[in-house]
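Hi,

Here is the structure I said I would pass on. Have a look at it first, and then read on for what turned up.

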Amino acid sequence: MTRSKWTSLTDAQLLQQCEVDTYRASGPGGQKRNKTSSAVRIRHPPSGLIVIAEESRSQHENRARALKRLRHALYLKLRNDLPKETLTTDALRDSESLRSALEQNGKLHLGRKDPRFWPVVGLVLDVLAVQEARVSEVAGLLGVSTGNLVDFLQSEPKVWEQVNILRAHYGQKPLHSG
């Protein structure tokens, strides 16, 4: 199964593929926290991803947070193979996730809470992987400026970290946040 199939599943369907553990988290929270197993660890064996959430004293809230983190991790950590014919500006701009995300002036400007953010992150990281993490080439393919792409990638620290992991993989120098 590919990332796009996993990310299109409902929460219930995605959870069916997962192993969910609850445990007692350490840290602040006092007596109540020490008596309840409210921390949640979700393992997604098909992808090998593991996420945790232990901020809340509510197991239900932590399960929802962990599931959201799993969806984000699918976009961050798993790359989709892109056929050569899709690596043109026209084809990429016609992709559903990018087309809906570009503003009228052609800029990529999405907040992390926008539901379109993570699918676009996945696409951009896929193109970066194919282009050996050369940001200016990817910006050109996406039809946005290099500065606009860098600003988008810097808007979420985990995305920025993943960009630099890709760059290191291809022997590129890390990008510094500015």
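Which element gives the largest share of the lining of the second largest pocket? That one is α7, with four residues. Before you load it into anything, keep in mind that this is a predicted model.

Since we're on that pocket, here is the rest of it. The second largest pocket holds about 390 Å³ of space. It is lined by 19 residues, and those closest to its centre are Ser95, Glu96, Ser97, Pro119 and Leu123. Two or more lining residues come from each of α1 (3-7), α5 (89-94), α6 (96-101) and α7 (117-130). Sorted by class, the lining of the second largest pocket has seven nonpolar, eight polar and four charged residues.

Now the largest pocket, where the space comes to about 590 Å³. Its lining counts 20 residues, with Arg69, His72, Trp118, Glu156 and Lys158 the closest to the centre. The elements that supply two or more residues to this lining are β3 (49-53), α4 (59-77) and α10 (157-169). Of these, α4 gives the largest share, seven residues. As for the chemistry you'd care about, the lining of the largest pocket has 10 charged residues, eight nonpolar and two polar.

Stepping back to the whole chain: there are 10 helices and three strands, and along the sequence they follow the pattern α-α-β-α-β-β-α-α-α-α-α-α-α. The C-alpha trace spans about 55 × 35 × 35 Å along its principal axes. The chain has 178 residues, and 41% of them count as buried. If you look at contacts with a separation of 6 or more, 52% are between residues 24 or more positions apart.

I also spent some time on α10. At 1.5 Å a residue, its 13 residues should span 18 Å, and the end C-alpha atoms are indeed 18 Å apart, so the expected span and the model agree. The buried residues of α10 are Val159, Trp160, Gln162, Val163, Asn164, Leu166 and Arg167. Their cover includes α4, α7, α8 (135-142) and α9 (146-154). Just after α10, Gly171 takes a positive phi of about 75°.

Gln162 deserves a look of its own. This residue sits in helix α10 and has a relative accessible area of 9%; the cut-off for buried is under 20%, so Gln162 is buried. Leaving aside residues up to four places away in sequence, Gln162 touches Leu76, Lys77 and Leu125.

The other residue I looked at is Ser56, in the loop between β3 and α4. Is Ser56 buried or exposed? Its relative accessible area is 10%, so Ser56 is buried too. The side chain of Ser56 reaches the backbone nitrogen of Ser58 at 2.8 Å. Beyond four places in sequence, Ser56 touches Ser38, Glu61, Asn62 and Arg65.

That's the handover. Shout if anything in here is unclear.

Cheers

Technical notes. Residues are numbered from 1 along each chain as its sequence is written. This is a predicted model: local features need pLDDT of at least 70, side-chain atom pairs count only at pLDDT 80 or more; totals for chains, interfaces and linings use all residues. Side-chain values use heavy atoms; hydrogens and water are left out. On a 1 Å grid over the protein atoms alone, a cavity is a set of points where a 1.4 Å probe fits but cannot get out, and a pocket is an open set with protein on both sides within 12 Å along at least five of seven lines; lining residues have an atom within 4 Å of a point. Grid points are joined across faces, edges and corners, and a volume is the space filled by probe spheres set on the points. Ala, Val, Leu, Ile, Met, Phe, Trp, Tyr, Cys and Pro count as nonpolar, Asp, Glu, Lys and Arg as charged, and the others, Gly among them, as polar. Buried means under 20% relative accessible area, exposed over 50%, partly exposed in between (1.4 Å probe, protein chains only). Contact means heavy atoms within 4.5 Å. The expected span of a helix is 1.5 Å times one less than its number of residues. A polar contact is a pair of N or O atoms within 3.5 Å; within protein, one must be able to donate a hydrogen and the other to accept it, and residues adjacent in sequence count only if both atoms are side-chain atoms.
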